Amino acid sequence: MTVFAAASDRHCATATGGIDRAIRLSTAAAVLAVAGIAAYVSYWHAYAVVRAHGETGITARLEPATIDGLVYASLMVVLYAARHRVPVPCLARWLLGLGIAATLTANMAQGWSHGPVGAVVAAWPAVSLVGSYELSLPVDEVLRDVALARHAAGGATDVRACGGRCW
């Protein structure tokens with residue numbers, strides 16, 4: 001391999017790594033922005049529903065956080081499993097589904113007074129949060145595969161040798 005070809009390969013790998021980093025960071029920024037908006041809207045929708053059904057005080061203020069907290073915790077378990085290529089625990093899947101159903105129900109209940117369209121509009125932040133997060137998982141997996149392949153091409157016989165720090 002000539003010096004020029006080796007330098008070109010390093011430049012290409014560096015450029016590709018920079019693009020991968022930009023993709024990963026912009027995806028994370030988008031998910032975080034949607035998460036912040038969705039959490040805010042979803043919290044107040046759930047708070048209104050909890051208050052309308054008899055809860056008051058600190059209980060009414062904390063209960064909506066249990067819904068979004070359950071979704072977040074379950075998604076983190078799913079992300080961990082995806083990153084480490086281990087099966088997702090059944091409990092995480094069930095609780096994620098339950099949390100999504102609860103947040104959708106609370107949001108739709110809040111918007112229902114404005115008819116079916118109001119219910120859909122009120123539910124949209126929760127849908128966009130879960131959707132954007134789920135879309136980010138394949139991006140993370142693809143970038144992880146690329147990083148592991150690069151690590152292996154660098155001469156390592158065991159791609160796990162990077163200890164998960166390849167990307």
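## Overall layout

How many helices and how many strands make up the secondary structure of the protein? The count comes to 4 helices and 0 strands, and reading along the sequence gives the pattern α-α-α-α. Please keep in mind as you look around that this is a predicted model.

Two figures help to set the scene. The protein has 167 residues, of which 28% count as buried. If we take the contacts between residues at least 6 apart in sequence, 57% of them join residues at least 24 apart.

## How α2 meets α3

Let us begin with the pair formed by helix α2, residues 57–83, and helix α3, residues 90–111. Their axes lie 8 Å apart, and the helices pack at an angle of about 145°. The crossing of α2 and α3 is left-handed. On the α2 side, the contact is made by Ile67, Asp68, Leu70, Val71, Ser74, Leu75, Val77 and Val78. On the α3 side, the contributors are Ala92, Leu95, Leu96, Gly99, Ile100, Ala102 and Thr103. By type, the residues of this contact divide into 11 nonpolar, 3 polar and 1 charged.

Leu96 is a good residue to click on here, as one of the α3 residues in the contact. Setting aside neighbours within four places in sequence, Leu96 is in contact with Val71, Ser74, Leu75, Val78 and Glu134. One of these partners, Val78, has its place in helix α2. With a relative accessible area of 12%, Val78 is buried, because that value is under the 20% cut-off. Val78 and Leu96 are 18 residues apart along the chain, and their C-alpha atoms are separated by 9.0 Å.

## The nonpolar core

Which residues form the largest nonpolar core? There are 9 of them: Val31, Val71, Leu75, Val78, Ala81, Val88, Ala92, Leu96 and Tyr133. Helices α2 and α3 each supply at least two residues of this core, and the largest share, 4 residues, comes from α2. In soluble globular proteins, nonpolar side chains tend to be buried together.

The core and the helix contact are worth viewing side by side. Val71, Leu75 and Val78 belong to the core, and these residues also take part in the contact from the α2 side. Ala92 and Leu96 are likewise members of the core, and they contribute to the contact from α3.

## Aromatic rings along α1

Now turn to the aromatic residues. The structure holds 4 aromatic pairs. Among them is the pair of Tyr40 and Trp44, which is edge-to-face, with 6.5 Å centre to centre and 65° between the planes. Why do these two rings come from neighbouring turns? Tyr40 and Trp44 are 4 residues apart in helix α1, residues 3–52, so about one helical turn separates them. Tyr40 is exposed, with a relative accessible area of 56%, while Trp44 is partly exposed at 36%.

Tyr43 and Tyr47 form another aromatic pair, and this one is stacked: the centres are 6.2 Å apart and the planes differ by 10°. These two residues also sit 4 residues apart in helix α1, so they too are separated by about one helical turn. Tyr43 counts as buried at 19% relative accessibility, and Tyr47 counts as buried at 12%. Ring pairs link Tyr40, Tyr43, Trp44 and Tyr47 into a cluster.

## Val49 and its partners

Further along helix α1 is Val49. Is Val49 buried or exposed? Val49 counts as buried, because its relative accessibility is 17% and the cut-off is under 20%. Not counting residues up to four places away in sequence, Val49 touches Ala106, Ala109 and Gln110. Between Val49 and Ala106 there are 6.4 Å in space, C-alpha to C-alpha, although the two are 57 residues apart in sequence.

## A backbone detail at Arg85

One last stop is the loop between α2 and α3, where Arg85 has its place. Most residues other than glycine have a negative phi. Arg85 is not a glycine, yet its phi is positive, at about 50°. Its relative accessible area is 46%, so Arg85 is partly exposed.

Definitions and conventions: Residues are numbered from 1 along each chain as its sequence is written. This is a predicted model: local features need pLDDT of at least 70, side-chain atom pairs count only at pLDDT 80 or more; totals for chains, interfaces and linings use all residues. Side-chain values use heavy atoms; hydrogens and water are left out. Axes are lines fitted to C-alpha atoms, for helices over the stretch in contact, and angles run from 0 to 180 degrees between N-to-C directions. A crossing is left-handed if the near helix is turned anticlockwise from the far one by less than a right angle, and right-handed if clockwise. Contact means heavy atoms within 4.5 Å. Ala, Val, Leu, Ile, Met, Phe, Trp, Tyr, Cys and Pro count as nonpolar, Asp, Glu, Lys and Arg as charged, and the others, Gly among them, as polar. A nonpolar core is a set of buried Ala, Val, Leu, Ile, Met, Phe, Trp, Tyr and Cys residues joined through side-chain atoms within 4.5 Å. Buried means under 20% relative accessible area, exposed over 50%, partly exposed in between (1.4 Å probe, protein chains only). Rings of Phe, Tyr and Trp (its six-membered ring) pair if their centres lie within 6.5 Å; planes under 30 degrees apart count as stacked, over 60 as edge-to-face and the rest as tilted.
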